[in-house]
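Hello,

Here is the structure I promised to pass on to you. Have a look at it first, and my notes on what turned up follow below.

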Amino acid sequence: MKEIRVIYWSATGNTQRMAEAVAEAIEAAGAKALLQEVSSTTADDAAAYDAMALGCPAMGVEVLEEAEFEPFFAELEDKLQGKKVALFGSYGWGGSYMQDWQDRVTAAGAELVADGVLAMNEPDDDALAQCAEIGKLLAK
């Protein structure tokens, strides 16, 4: 059975809800989802998988969360070559960070399965449906 990592950071629970929607869709599509907060994994552990979903909200001046997620992602970045990746996150005032994040993923040689999913504040039904779709795409 194909195993897919769903790794996220969430302060308010918004990005966690998105991560759970991705993981549920992966499971419904017949693969195994390993849902983890970023603090409970390492870049080396994540890199052992061929497919992963990564979730982080926008922080500060449109950047990834800087204390835990950015250091994790910076270490993972060099290990993404040939991996299937999906991105998601919430934001409160912009959302432009997602394009920068996507650019970093593709520059590292990973295959984005779809455009990153963004939710302004709490994810609505549309954002959760988009999260489910990227979960299905990863499970293929």
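Which residue just after α1 takes a positive phi? That is glycine 30, with a phi of about 95 degrees.

Before the rest, some housekeeping. Please keep in mind that this is a predicted model, in which local features need pLDDT of at least 70 and side-chain atom pairs count only at pLDDT 80 or more, while totals for chains, interfaces and linings use all residues. Residues are numbered from 1 along each chain as its sequence is written, and side-chain values use heavy atoms, with hydrogens and water left out. Helices (DSSP runs of H or I, at least four residues) and strands (runs of E, at least two) are numbered from the N terminus.

Helix α1

The 15 residues of α1 should span 21 Å at 1.5 Å a residue (the expected span is 1.5 Å times one less than the number of residues). Its end C-alpha atoms are 21 Å apart, which agrees. Among the buried residues of α1 are Asn14, Met18, Val22 and Ile26; buried means under 20% relative accessible area, exposed over 50% and partly exposed in between, with a 1.4 Å probe and protein chains only. The elements that cover the buried residues of this helix include β1 (3-8), β2 (32-37), β3 (51-55), β6, β8 (117-120) and α5 (125-139).

The largest pocket

α1 (14-28) also helps to line the largest pocket, as do β4 (58-59) and β6 (84-91), each with at least two residues. A pocket here is an open set of points on a 1 Å grid over the protein atoms alone, where a 1.4 Å probe fits, with protein on both sides within 12 Å along at least five of seven lines; lining residues have an atom within 4 Å of a point. The space in the largest pocket is about 160 Å³, where volume is the space filled by probe spheres set on the points, joined across faces, edges and corners. It has 14 lining residues, and Thr12, Asn14, Pro57, Ala58 and Ser90 are the closest to its centre. By class, 7 of the lining residues are nonpolar, 7 are polar and none are charged (Ala, Val, Leu, Ile, Met, Phe, Trp, Tyr, Cys and Pro count as nonpolar, Asp, Glu, Lys and Arg as charged, and the others, Gly among them, as polar).

Aromatic rings

The whole structure holds 4 aromatic pairs. Rings of Phe, Tyr and Trp (its six-membered ring) pair if their centres lie within 6.5 Å, and planes under 30 degrees apart count as stacked, over 60 as edge-to-face and the rest as tilted. Phenylalanine 69 and tryptophan 101 are edge-to-face, because their planes stand at 85 degrees, with ring centres 5.6 Å apart. This pair joins helix α3 (residues 69-77) to helix α4 (residues 97-107), across 32 residues of chain. Phenylalanine 69 is buried at 0% relative accessible area, and tryptophan 101 is buried at 2%. Both belong to one aromatic cluster with Phe72, Phe73 and Tyr97.

Two more residues to look at

Leucine 112, in strand β7 (residues 111-112), is partly exposed at 22%. It touches Val85, Leu87, Gln102, Val105 and Thr106, not counting residues up to four places away in sequence; contact means heavy atoms within 4.5 Å.

Lysine 140 lies in the segment after α5 and is exposed at 67%. Under that sequence exclusion, lysine 140 touches Lys2 and Lys84.

Best wishes
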